[in-house]
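User: Hello! I would like to go through this model with you and ask what lies behind the labels you use. Could you show it to me?

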Amino acid sequence: MSNVVTQTKQFVDGIWKEEIDVRNFVQLNITPYEGNGDFLCGPTDNTEILFDICMKAVQEELANNGVRSIDPDVISRINSHAAGYISKEHEVIVGLQTDELLKRAIKPYGGARVVEKACSEHGIQLNPQVKEMFANYIKSHNDGVFDAYTDEIRTFRSLGFLTGLPDNYARGRIIGDYRRLALYGADRLITQKEQDLQNLTGPMTDARIRLREEVNEQIKALKEIKALGSRYGLDLSRPAENAKEAVQWVYMAYLAAVKEQDGAAMSLGNVSSFLDIYIERDLQEGLITEEEAQEMIDQLVMKLRMVRHLRMEAYNEIFAGDPTWVTEAIGGLSLAGGHKVTKNSFRFLQTLYNLGPSPEPNMTVLWSSSLPKGFKEFCAKVSVDTSSIQYENDDLMRCTRNADDYGIACCVSFQEIGKHIQFFGARTNLAKTLLLAINSGRCENTGAQVINGVPALKSDVLDFDEVMANFKIAMKEVARVYVESMNIIHFMHDKYYYERAQMAFVDTDPKVNVAYGIAGLSIVADSLSAIKHAKVTAVRNEDGLAVDFKIDGEFPFYGNDNDSVDLLAVDVTSHFNKQLSAYETYKNAEPTMSILTITSNVSYGRKTGATPDGRARGIAFAPGANPMHGRDTHGAIASLNSVAKLNYEDALDGISNTMSLIPKTLGNDENSRMRNLVAILDGYFNRGAHHLNVNVLNRELLMDAMDHPEKYPQLTIRVSGYAVNFVRLSRDQQMEVLSRSFFDKF
Amino acid sequence: MSNVKTLLFSEKEVKRDLLNIHSIESFGTFDGPGIRYVLFLQGCPFKCLYCANPDTMKFEDGKEYRIADVVKEAMNMKSYYTNGGGVTVSGGEPCCQAKKLISLFEQLKIEGIHTALDTNGHVMNQYVKNLLELTDLVLLDVKHINDSMHEIVTGKSNHKTLEFANYLREIEKPTWLRYVLVPGLTDKPEHLHELGEYFKDFKNVEKLEIQPYHTLGEHKWEHLGMDYPLKGTPVNTKDQLDKAKEIFEQYFKEVVVN
Ligand code: SF4
């Protein structure tokens, strides 16, 4: 690769020169690409050598109970670990989280006990000094939260009404605008933050004091990031001067974030078309070849695939498969009208061929039917071949949120890059909430009084209006407790585990939204449908709790494009969202809600008693907003259409849907599969739907992978909002995936 | 809605508005071009030995759907029809309900939706002729070219099917022929040639689809308490499919294996 760094061709100037404004830079300098994938290159020898080493390390990891090694001594910070390499001479893009590939570091600020447990589960002892420090001298986020939790919140949590709350692990979801490091260099960003700090004068309210402290932390982080660069021989104080540096700078900014934090989901943002600007310039100048351009992206992606956090086993219940959610948003249109597909959009997807299928980075295509045909078809082809892409409706998000420079936080959530952050809020179990309405506010499993004010039902034959009235009381109460828990969690997270390295790449006083979530929507819709359209009788135990339901007559199921049940799902979503919006939030965060479960639909189901739709106690929920398995009998499109009816305005944090098809169902040959998938995506999103995971797989393949995991180290399957290595799922979760509706031909 | 309807019309009139449907598949990719909304109608005059949906045969079974609801669901799928898709009526034998289908297809045509009719060609009457006027594409299932073999396979003669085919030729209706290839039953080379010879000059025939024999319907026969007539018949080898394709390609401009 050429060493020439002096550039003759200048970027087009604009506001981005005066202010920190990456979007403006992208708009002025992007080269939209209309063609197909014919220009793409395979992996270079260097890439293949490195990836072989990575795959061996991953195999070792799998063989060693999912963890290759742990450093139990050094608390991970930006510069806590020496520079690490896979094989230095072959690396075009450098940097690892620790000094060794797949070695996991400890990050006890989220919760020290969790770290200790994670170590001991792998036969490693947490350094006694670290333990001692966190026991006696340093407070963690987890300690803070539990100091403030009310009894009520604890009850909700332990009985499974609120689950997966980020109260003993890092919240994640914040996306730094990592592009800023490449475009401006650390020095310029420090100057900007110093200026911001000077303007943050009195009156010294809580909020102002907190912000001043936060900005100072960000400045420290930026200085440390420069030092991190020096360890790898990079001068991050100045802007990147060529393509290779731009890729490297962006990665360094991201690396600093994943060295400091182990947030549940730490997205990359929307970097591919930004990087294309540098690559395109170098290509035009003849400084690099297409092969070298692909090599940079392959190696960046390889590094992103090697990001690891130390988790305890229980974490696997809610987030199975050791995910990191390095979500990268690709494509979309700009508000001005043009599209943002570049050659680098293709190069990112091409990594799924060059390095094989993979859950990470979580490739998310921002879909619009107006995207160029060549790109749409390429996406569909990659989906059919790898099942590694998810799609989100760009037209819907761009227009509703009035923004075009956004990324996807975690699975499905809109976040304007550098301007906007969000507070992750896991989810509440709406099916259990419905059972509160039937059980006078008592938990259906334990009989514990969870909420007050829910009258007993007059009859065991369930009356729709009566149940609905009680359900509304229950939703109101659950929303209240949910909001309270979120306020405490995010207050404490800011206080004890502030994301200074990420926030250094975000505007100083960004817009915040708090991201609530619900699970069990399809169960609720079907239950209400049963109560409304059939005769449902509660079967109560001696304690008066409904333990089962007798159903006489037929009723329509959610998932068949039938308004008489689908609109129940729409109404419940809207109603609960309104309840959540009724309360004050920490940092005045704007409330938003998702219909998303990750893999927690299995554990949610386990904790939920029998429901009026005929679902037996303990049976897994459908993931996200999906209809319940096997009930969507009119086929895939009717199922999609039911989900498409849910209003994005009622669930601005995202509506996740996962579709699994066997290849043959999608079409007779490669071309028709590709075209049919494009037609599905156009059709679904033009009906206002928000998100779609696409799996094109044979059930037999998954069954074989359960028995012979060693044969399928890279088998990737999309679940609610993200993708996992199938072989890393627990047996229960694998069985749940298999039980889902695979739309097939016969 | 439904209550209002029942009040306004007598029961008999309401019946006229009902289709007897076996099942609905909103994501059909094998019954015409693009993504298809496929209605499998109940009832069939044939008793094919290999029928994959024997539960569609009996006219008295099935579930009644209001045509208005069907139109609505088909309309909701319009945004998915971008690559040539539309609605296909299949079965069973849809032409047995031709009179009612006319009203369905009329409404679909007003909405600009592509219509396909998947038929075995055994039923022909004025209603069917009217229906064909509203049909963009016919998928004509020819079960066997040899009449006595046809009778073995389906229980009926193939005369009507061939007459149906000739009518389609006469009105120049775009048609895809479909042929189920059953080892040892419908795959003799001389029969394939005979079929090719018969249809080779039909200008309206755009392609021929070979439908490989599969045994996925076997459990349904058992479920219905009937003996599966082709028990033990193996599915086609790749070689058998290739050979059949090669023969048909001598007569038709496009031959695909589904
Ligand atoms: S014509 Fe079709 S539906 Fe009728 S018996 Fe034959 S295969 Fe079955």
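Analyst: Happy to! This is a predicted model. Let us begin where the chains meet: chain B and chain A bury about 2,100 Å² between them, with 54% of it on carbon and sulfur atoms. On the chain B side, Phe27(B), Phe30(B) and Tyr80(B) lose the most area to chain A, together 32% of what that side buries.

User: How many residues of chain B are in contact with chain A, and what makes a contact?

Analyst: A contact needs heavy atoms within 4.5 Å. By that rule, 22 residues of chain B touch 29 residues of chain A.

User: What makes Asp563(A) and Lys72(B) a salt bridge?

Analyst: The rule asks for a side-chain nitrogen of Lys or Arg within 4 Å of a carboxyl oxygen of Asp or Glu. Between Asp563(A) and Lys72(B) the closest N and O atoms are 2.9 Å apart, and the cut-off is 4 Å, so the pair qualifies. The rule finds 1 salt bridge across this interface, along with 16 residue pairs in polar contact. Elements of chain B that each supply at least two residues to the side touching chain A are β1 (18–28), β3 (63–66) and α3 (67–76). The largest share, 4 residues, comes from β1(B). By class, that side divides into 9 nonpolar, 9 polar and 4 charged residues.

User: Which residues surround the ligand, and how does that shell divide by class?

Analyst: Around the ligand are Cys44(B), Phe46(B), Cys48(B), Cys51(B), Thr56(B), Met57(B), Gly92(B), Asn120(B) and Lys143(B). The shell has 5 nonpolar, 3 polar and 1 charged residues. Gly is counted among the polar residues and Cys among the nonpolar ones.

User: Let us move into chain A. Is Leu396(A) buried or exposed, and how do you know?

Analyst: Buried means under 20% relative accessible area. Leu396(A) has 15%, so the label is buried. Leu396(A) sits in helix α16 (residues 394–401) of chain A. Leaving aside neighbours within four places in sequence, the contacts of Leu396(A) are Tyr648(A), Gly688(A), Ala689(A) and His690(A).

User: And what makes Thr98(A) count as buried or exposed?

Analyst: The relative accessibility of Thr98(A) is 1%, so this residue counts as buried. Thr98(A) is placed in the loop between β1 (69–75) and β2 (103–106) of chain A. Not counting residues up to four places away in sequence, Thr98(A) touches His81(A), Ala82(A), Gly84(A), Lys103(A) and Ala105(A). A polar atom of the Thr98(A) side chain lies 3.1 Å from the backbone oxygen of Lys103(A).

User: Why is helix α23 of chain A called mostly covered?

Analyst: Helix α23 (residues 636–644) has 9 of its 9 residues buried. Among them are Ile637(A), Leu640(A), Asn641(A) and Val643(A).

User: Back to salt bridges. What does the pair of Asp543(A) and Arg442(A) tie together?

Analyst: The closest N and O atoms of Asp543(A) and Arg442(A) are 3.6 Å apart; the limit is 4 Å, so this is a salt bridge. Asp543(A) lies in the loop between β12 (535–540) and β13 (546–552), and Arg442(A) in the loop between α17 (430–438) and α18 (464–496), so the pair ties together parts that are 101 residues apart in sequence. Asp543(A), at 41%, counts as partly exposed, whereas Arg442(A), at 17%, is buried. Over all chains, the whole structure has 67 salt bridges.

User: Why is Lys231(B) put in its accessibility class, and what about Glu222(B)?

Analyst: Exposed means over 50%. Lys231(B) has 55% relative accessibility and so counts as exposed, while Glu222(B), at 44%, counts as partly exposed. Their side chains meet in a salt bridge, at 3.0 Å from N to O.

User: How are Asp239(B) and Lys243(B) placed along their helix?

Analyst: They are 4 residues apart in helix α10 (residues 238–249) of chain B, and therefore separated by about one helical turn. An α-helix has 3.6 residues a turn, so residues three or four places apart point the same way. The side chains of Asp239(B) and Lys243(B) meet in a salt bridge, 3.0 Å from N to O. With a relative accessible area of 45%, Asp239(B) is partly exposed.

Note on methods. Residues are numbered from 1 along each chain as its sequence is written. Chains are lettered from A and ligands numbered from 1 in the order in which they are written. This is a predicted model: local features need pLDDT of at least 70, side-chain atom pairs count only at pLDDT 80 or more; totals for chains, interfaces and linings use all residues. Side-chain values use heavy atoms; hydrogens and water are left out. Buried area is the accessible area (1.4 Å probe) that two parts lose on being put together, summed over both. A polar contact is a pair of N or O atoms within 3.5 Å; within protein, one must be able to donate a hydrogen and the other to accept it, and residues adjacent in sequence count only if both atoms are side-chain atoms. A residue is near a molecule or strand if one of its heavy atoms lies within 4 Å of it. Buried means under 20% relative accessible area, exposed over 50%, partly exposed in between (1.4 Å probe, protein chains only).
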